[in-house]
Amino acid sequence: PSHDKIEIAELLIKSGHYTQSVHAFYYSCLQLMICAYCKKNGLGSLGQYDAVAPNSKTHVWLSNNLYGLLRKVKGLSSKERDRLALDFNYLINDLKDSRVAADYKERVFNQIDIDGIGGIRELSDNIIRIITDNLIKK
């Protein structure tokens, strides 16, 4: 499902719908976060995830849980784990703020916002890399 959202984001970008692509990038990361949480907590289905996730503030709850999981990654020093968790926290909050701006605050995003240095695509790619390398593959 996460890859589907990335493909949708790419189609939106190709069509010049940059603002709408922010939503797809964010939700691709959120879906991967759910997968990582389930894997690390032995949950085999989305139904099991729904049973433990709160009904409100789910995104914040999930981000906080992944932050905690990243601080426990094996094979890294304490300092490296802290840096990894802080990087994730910064990236996901930045992407979430952009998604909120795109969805609710009528901010218009352009190609530079998406593809420029520190843009939405880079945020998304870094979040996906952190989650995949440290929570999915391990």
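This text walks through the model's confidence, its main nonpolar core and its aromatic contacts.

The structure is a predicted model. Over the chain the pLDDT averages 93, and 99% of the residues score at least 70. Confidence is not even along the chain: helix α1, residues 2-14, has the lowest mean, at 84. The highest mean, 97, belongs to helix α5, which covers residues 78-104.

The interior comes next. In soluble globular proteins, nonpolar side chains tend to be buried together. Here the largest nonpolar core contains 38 residues, and Leu-66 and Phe-88 have the most contacts inside it. Two or more residues of this core come from each of α1, α2 (18-40), α4 (58-70), α5 and α7 (120-136). Helix α2 contributes the most, with 13 residues.

Phe-88 can serve as a viewpoint on the packing. With its neighbours within four places in sequence set aside, Phe-88 contacts Met-33, and also Ser-63, Leu-66, Tyr-67 and Leu-70. Its remaining contacts under that condition are Ile-127, Ile-130 and Ile-131. Leu-66 therefore appears twice in this account: as a contact of Phe-88, and beside Phe-88 as a residue with the most contacts inside the core.The aromatic rings give another view. The model has four aromatic pairs. One of them joins Tyr-37 and Tyr-49 edge-to-face, with 5.8 Å from centre to centre and 75 degrees between the planes. Tyr-37 belongs to helix α2 and Tyr-49 to helix α3 (residues 46-52), so this pair ties together parts that are twelve residues apart in sequence. Both Tyr-37 and Tyr-49 are buried.

Tyr-49 also pairs with Trp-61, and this pair is tilted: the centres are 6.1 Å apart, and the planes stand at 55 degrees. Since Tyr-49 lies in helix α3 and Trp-61 in helix α4, the pair again ties together parts that are twelve residues apart in sequence. Through such ring pairs Tyr-37, Tyr-49 and Trp-61 are linked into a cluster.

Which of these rings are buried, and which are partly exposed? Tyr-49 counts as buried because its relative accessible area is 3%, where buried means under 20%. Trp-61 has a relative accessible area of 22%, so Trp-61 is partly exposed.

A last contact involves a charge and a ring. The charged end of Arg-107 sits over the ring of Phe-109, at 3.9 Å from the ring's centre.

Note on methods:
Residues numbered from 1 in each chain as written. Predicted model: local features only at pLDDT ≥ 70, side-chain atom pairs only at ≥ 80, totals over all residues. Heavy atoms only, no water. pLDDT = per-residue confidence, 0-100. Helix = DSSP H or I, 4+ residues; strand = E, 2+ residues; numbered from the N terminus. Core = buried A, V, L, I, M, F, W, Y, C linked by side-chain atoms within 4.5 Å. Buried < 20%, exposed > 50% of the residue type's maximum accessible area, 1.4 Å probe, protein only. Contact = heavy atoms within 4.5 Å. Phe/Tyr/Trp six-rings, centres within 6.5 Å; stacked < 30°, edge-to-face > 60°. Lys NZ or Arg CZ within 6 Å of the ring centre and 35° of its normal.
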